[in-house]
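Here's a quick briefing to read with the viewer open. Keep the structure on screen and click along as you go.

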Amino acid sequence: MATIKELAKLCDVSIATVSNVLNGTGRVGEETSRKILDTAKKIGYIPNMMAKNLKQKVTKTIGIITEDLTVFNCADIVDGINDYLDQVDYTFLLGNLRLYKKYNNMFYHHEGYKAQVEEEFQIMKSKQVAGIIYVGAHSREIKSIPKNFDLPIVVAYGYASEQHVPSVIYDDEKGAYEAVSKLIQLGNTSIGVVTGEQGSLHTIERMKGYQRALFEHKILCDPSLIVEGDWTVDSGYEAGKKLIEKGVSAIFSMSDVMASGIYDCANEKEIIIGKELDLIGFDDRQICTAFRPTLTSMALPLEQIGQHAGKIIVEMIEHKTIDTSLLHKIECRLIERNSIKG
């Protein structure tokens, strides 16, 4: 790897001149600056960010801890963080706990989970990061954040139980409200809902949105049209069968995966989705475009969650303040496809 000393020698200038050009400081002529930048690119010179951070009063490296990068939401959130940090000239170190891979979907009930999280926070601190963003694999109350940690912390895709730790999530309730309102605008009054598990925060908030949409449009909420699922294809199939037998004209599925089961059920019963049955999912997974007809779904603002988390952590670092609003909700967006009437 090329060094700053080698770069200075190739350009026949001092190390101080190279440093001024790369950091945008001091006065260096345009021709010399161009020569240094072009040469740096040609030889693949990469500044030593760790060394640079040590010389600054405020380091410009953020630690990002993900519960598991293989879970569908994590990569896009990290990309959003990366995007914002690039804009403000910060860099980041990434730690992947791989909890889903190690302990399965219910990893947060595993005995060693909390200790592993706390250890990763200490590892990040030892690398002299200025703050840490913790990215959840499931949106829930996260109880593993170390208490009295002396670096700024932001939680993305979850609620922090630790006091004074701001969290960035998406607005489940409003997303569900808009999805069901769309079904009502299409002329549906008999609208079934396939929920997630009862204890899930997603289920609770999305049920609020479903009920608010019905109430505001003066449609009586029929408890028999609320069928519990568990986020799986099979539960979507069974719930879809019950709702179709009830004669609903539309279904709001609280996940795209469960909507997949509803497609299977509708195909068996020769019901045409998008014509005889309107269907809207939630999450906007890649599978939405693989269905026939393609699935209308509420898209999660994953990159925006990451960008907002990045903005908060930088503000906390540079202004040495605690974000007092604590809970930030980012709006979802309905992606209309062919599973509803055009």
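What follows is a short tour of the sheets, the helices packed on them, and the cysteines.

Keep in mind that this is a predicted model. One open sheet has six strands in the order 2-1-3-5-7-13, and another open sheet has six strands in the order 9-8-10-11-12-14. Pairing is parallel in the 2-1-3-5-7-13 sheet and mixed in the 9-8-10-11-12-14 sheet.

**The 2-1-3-5-7-13 sheet**

- This open sheet lines up its six strands as 2-1-3-5-7-13, with parallel pairing. Strand 2 (91-96) and strand 13 (327-330) sit at the edges with a single partner strand each, so one side of each has no neighbour in the sheet.
- On average, neighbouring strands here are turned by 20° against each other, ignoring direction.
- Strand 3 (residues 131-135) runs parallel to strand 5, and four bridges join the two. One pairing to click on is I132, whose bridge partner in strand 5 is I153.
- Strand 5 also pairs with strand 7 (residues 167-170), in the parallel sense and over two bridges. Here V155 stands opposite S167 of strand 7.
- Strand 5 (residues 153-156) is covered on both faces: I153 and V155 are buried on one side, and V154 and A156 are buried on the other.
- Helix 12 (residues 302-319) lies across strand 1 (61-66), strand 3, strand 5, strand 7 and strand 13. Relative to strand 5, helix 12 runs at about 170°.

**The 9-8-10-11-12-14 sheet**

- This one is also an open sheet, with its six strands ordered 9-8-10-11-12-14 and mixed pairing. Its edges are strand 9 (226-228) and strand 14 (333-335), each with a single partner strand, so one side of each is left without a neighbour in the sheet.
- Neighbouring strands are turned against each other by 20° on average, direction ignored.
- Three bridges pair strand 8 (residues 191-195) with strand 9 in the parallel sense. Within that pair, V194 stands opposite V227 of strand 9.
- Helix 10 (residues 233-245) packs on this sheet and touches strand 8, strand 9 and strand 10 (250-253). The direction of helix 10 makes about 160° with that of strand 8.
- Helix 11 (residues 256-268) lies across strand 8, strand 10, strand 11 (278-283) and strand 12 (296-299). Its run is at about 155° to strand 11.

**Helix 8 against helix 9**

- How far apart are the axes of helix 8 (residues 172-185) and helix 9 (residues 201-216), and at what angle do they pack? The axes are 7 Å apart, and the angle is about 40°.
- Helix 8 and helix 9 therefore count as oblique to each other. The crossing of helix 8 past helix 9 is right-handed.
- On the helix 8 side, the contact residues include Y177, V180 and I184. On the helix 9 side, they include R206, Y210 and L214.

**Cysteines**

- How many disulfides are there? With the cut-off at 2.5 Å between cysteine sulfurs, the count is zero.
- Why is C74 without a disulfide? The closest cysteine sulfur, in C332, is 16 Å from that of C74, which is too far for a bond.
- C74 counts as buried because its relative accessibility is 0%. C11, at 3% relative accessibility, also counts as buried.

Conventions: Residues numbered from 1 in each chain as written. Predicted model: local features only at pLDDT ≥ 70, side-chain atom pairs only at ≥ 80, totals over all residues. Heavy atoms only, no water. Buried < 20%, exposed > 50% of the residue type's maximum accessible area, 1.4 Å probe, protein only. Pairing = 2+ DSSP bridges. Axes fitted to C-alpha atoms, helices over the stretch in contact; angles between N-to-C directions. Contact = heavy atoms within 4.5 Å. Parallel < 35°, antiparallel > 145°, perpendicular 65-115°, else oblique. Left-handed = near helix turned anticlockwise from the far one by under 90°.
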